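Here's a quick tour of a few local features worth pulling up in your viewer. Have the sequence and the coordinates side by side.

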Amino acid sequence: MSGLRLQDIRKSFGAVEVIRGVNLEIEHGEFVVFVGPSGCGKSTLLRMIAGLEDISGGTIMIGERAVNDVEPRDRGVAMVFQSYALYPHMSVYDNVGFNLMLSKVPKAERDQQIRAAARSLQMEHLLERKPGQLSGGQRQRVAIGRAIVRNPKVFLFDEPLSNLDAALRGDMRLELARLHRELETTIIYVTHDQVEAMTLADKIVVMDQGTVQQVGSPLDLYDRPANRFVAGFIGSPRMNFVEVVVEEVGAGLAQVTSRDVGRQAVRIRDGAVAAGDKLTLGIRPHQVDIKGSDIEATVSVVERLGHEAIVAAKLASGVDFTFVGPGDIDVTPGQECRFSLDARRTFLFNAAGEAVSAG
């Protein structure tokens with residue numbers, strides 16, 4: 001089985017620690033996405049798994065083997081980078097089979113593997129072309145095909161779709177999901193795009209400043225974020241945050257108030273908050289009741305996307321607030337609007353940013 005374990009992984013550049021004690025277990029066949037803002041350490045962590053970066057501490061296990069001191073080519077991994085790194089003078093056929101040729105795989109076997117990879121990626125008609133004759137999406141397929149023929153234990157993808165336009169990214173996400181089902185192998189995928197993470201992953205690893213903030217399925221992270229960082233990073237448009245004060249606690253509820261949202265009753269974990277605590281209320285833009293009238297705001301911008309509209313507004317205190325309505329919602333910039341919150345679908349975070357609401 002080709003699972004992977006990271007045990008207290010650390011990486012320092014001089015006195016600067018960029019990966020701070022990461023522990024993670026990835027099961028065989030999982031599609032795991034590392035996601036987080038630029039500079040959070042996700043690509044560095046991926047490169048350490050690949051053997052392209054030395055580790056400063058900890059152990060990397062692929063299957064039952066520690067690979068800290070194993071050369072990249074001998075780890076049983078194949079990596080697909082953001083840049084395609086294709087040989088421009090070679091055909092697609094020769095690019096895909098280049099590593100097999102270096103490994104002295106017999107010609108007939110090499111041909112079989114190249115053509116099998118081309119079929120799985122639906123690029124058999126491209127085999128005689130040169131990279132300069134291909135689109136960005138086709139070049140990325142060639143780079144993936146070059147990884148497939150190595151028959152690795154683990155595929156590593158480092159932001160492979162970031163050079164593609166929006167339509168191609170959508171197509172390639174579908175291709176990658178289909179490929180994962182067919183290959184039944186382990187994939188670790190790095191991206192800063194939380195939409196990619198939500199649509200591709202079995203398991204998401206959210207990172208910030210070299211640490212793992214939360215690990216879980218896409219819906220776990222969306223419905224039960226562990227902290228304010230994860231809540232704000234997962235979900236598009238991003239979660240709204242409003243500062244509130246706890247007036248009363250009882251029967252599993254906290255009565256919280258603010259000038260902007262009035263009084264709201266939010267379910268909380270036992271003993272998590274007390275009267276007088278200053279907390280942050282989190283509200284997802286898709287979970288606002290636009291037929292309600294409890295809260296007043298002034299519309300700033302309306303983005304009409306056809307099936308829905310994203311409305312950016314300002315609350316009474318001047319705090320920015322975003323909500324989503326139907327595409328034909330009757331609001332314009334400068335207009336006053338009213339809505340309500342569904343307290344059962346809101347979140348509370350304490351001063352340390354930890355989630356204290358029950359869900």
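## Two helices crossing

Is the crossing of α2 and α4 left-handed or right-handed? The crossing of α2 and α4 is right-handed (clockwise turn of the near helix from the far one, by less than a right angle). This is a predicted model, where local features need pLDDT of at least 70, side-chain atom pairs count only at pLDDT 80 or more, and totals for chains, interfaces and linings use all residues. Residues are numbered from 1 along each chain as its sequence is written, and side-chain values use heavy atoms, with hydrogens and water left out.

Helix α2 covers residues 92–102 and helix α4 residues 136–148, and their axes come within 7 Å, crossing at roughly 35° (lines fitted to C-alpha atoms over the stretch in contact, angles from 0 to 180 degrees between N-to-C directions). Helices here are DSSP runs of H or I with at least four residues, strands are E runs of at least two, and both are numbered from the N terminus.

On the α2 side, V92, N95, V96 and N99 meet V142, G145 and R146 of α4 (contact means heavy atoms within 4.5 Å). Those contact residues split into 3 nonpolar, 3 polar and 1 charged, with Gly counted as polar, Val as nonpolar and Arg as charged.

## A mostly covered helix

In α1 (residues 42–50), 7 of 9 residues are buried, that is, under 20% relative accessible area with a 1.4 Å probe, protein chains only. Among them are K42, L45 and I49. Just after α1, G51 takes a positive phi of about 90°.

## A hairpin

Strands β9 (residues 203–208) and β10 (residues 211–216) run antiparallel, joined by 5 bridges; pairing takes at least two DSSP bridges. V206 has Q214 in β10 as its bridge partner. With 2 residues between the strands, the hairpin has Q209 at a positive phi near 50°.

Key
Buried < 20%, exposed > 50% of the residue type's maximum accessible area, 1.4 Å probe, protein only.
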